[in-house]
Every structure is written in C-alpha cells, then in structure tokens.
Amino acid sequence: MGRAGHEPRGNNKGSIGYAVGAFDLFHIGHLNLIKQAREHCDELIIGVVSDDVLERTKGARPIIPEYERLEIVKNLSIVDRAVLETNEDRLETWKELGFTVFFKGDDWKGTAKGRDLERRFAEVGVQIQYFPYTVHTSSSLLRRALQSLDSASAKESEAASQ
C-alpha cells in the first residue's frame, strides 16, 4: 500500500498508479506530474526512461544519466517505488508491474498515440488519468537554452583565441 498520509481522491482506492518520464533536467513540470499522480492512487510507481530508450525514441541521450535520474526520483518522499523503464511498450511494463492507473500529461490526450494507448489499456482494465502539461517549463526548452549558452561560449572562446 501507499505511504502513510497519502490518501487517493475519487474512486481509485486500492489502486496502483504508474507514471513514466525521462525526468532529465528535473523541473517543476516533472514534480507537478508526480504530485498529482500521488493524489490519485494508493501506491505510486514512477518509471524513469533509460538512456538507450530515450536515444532510440527522442534521437538524443539525456543530459543527466539514467542512474542519477532514477536516484533523484527514488528519493522523492511521495514516490513508493521508482523503476528503470527499459521497454518502449507500456503494455509490457503493465505486465511486469500490474498498475491499475496510468498517469500522463494531457499533451497526449486526443493524439493518435494517446488514443492507441487508451484503447490498449482499456482492453486490460487500466484507467488513463491525464494531468495538465506544464507548458512554460520543459526539459526540451532547458536543453535548447543550455545548448545556446554552450554555443555562445564556444564562439566567445574562439574569438578570444584569434
């Protein structure tokens, strides 16, 4: 069961919740998703996507390595268990973990990927709960800002050496 003091809202009593993400450059959007998920289940499992899976699906390795990202998430008091997500197929993950509710940002809602996920999970009785996506902060934006700073710094160094 979930940690003491964490009672789910609504009809999710006895539920096992699962949310998954890269959690690279951990920011308020990540924390918001995890906090909202915590409020809607008895036990919360968080999947941290492996470096290899992120490279295959996003075309780039994360800035923070998987073992550090996993350690950060594992040490959040509102998380019951954190696992390294090495599978791209969430149904395979469900077979391993047995969660009853899957939490996702609402940026997936109404998309082809989202509808496919809803259909596949409905077939096995898993409910999908969408939460508002934090638009103003994302790891992609943070990564682009870091790359921009790195690029500007390299140009300054090059100019100074000439």
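This passage describes the nonpolar cores, the aromatic pairs and the packing of one helix in a predicted model.

A good place to start is the interior. In soluble globular proteins, nonpolar side chains tend to be buried together. Here, the largest nonpolar core has 18 residues, and the members that touch the most others are F23, I34, L44, I46, V73, V79 and F103. At least two residues of this core come from each of α1 (28–38), β2 (43–49), α3 (66–74) and β4 (101–105). A second core, separate from this one, contains 16 residues, among them V83, L91, F102 and I128. Returning to F103, its contacts beyond four places away in sequence are G17, Y18, A19, A37, H40, C41, L44, Q129 and F131.

Aromatic rings come next. A pair of aromatic rings is described by the distance of the centres and the angle of the planes. The structure holds seven such pairs. In one of them, Y18 and F102 are tilted, with 6.2 Å from centre to centre and 35° between the planes. This pair links distant parts of the chain, since Y18 lies in strand β1 (residues 16–21) and F102 in strand β4, 84 residues apart. Both Y18 and F102 are buried. Ring pairs also join Y18 and F102 with F99 and F121 in a cluster.

Helix α3 rounds off the picture. Its buried residues are R69, L70 and V73. Viewed down the axis of α3, these residues fall within an arc of 100°, so they line one face of the helix. The buried residues of α3 pack against strands β2 and β3 (81–85) and against helix α2 (51–58).

Note on methods:
Residues are numbered from 1 along each chain as its sequence is written. This is a predicted model: local features need pLDDT of at least 70, side-chain atom pairs count only at pLDDT 80 or more; totals for chains, interfaces and linings use all residues. Side-chain values use heavy atoms; hydrogens and water are left out. A nonpolar core is a set of buried Ala, Val, Leu, Ile, Met, Phe, Trp, Tyr and Cys residues joined through side-chain atoms within 4.5 Å. Buried means under 20% relative accessible area, exposed over 50%, partly exposed in between (1.4 Å probe, protein chains only). Helices (H or I, at least four residues) and strands (E, at least two) are DSSP runs, numbered from the N terminus. Contact means heavy atoms within 4.5 Å. Rings of Phe, Tyr and Trp (its six-membered ring) pair if their centres lie within 6.5 Å; planes under 30 degrees apart count as stacked, over 60 as edge-to-face and the rest as tilted. The arc is that of the directions from the helix axis to the C-beta atoms.
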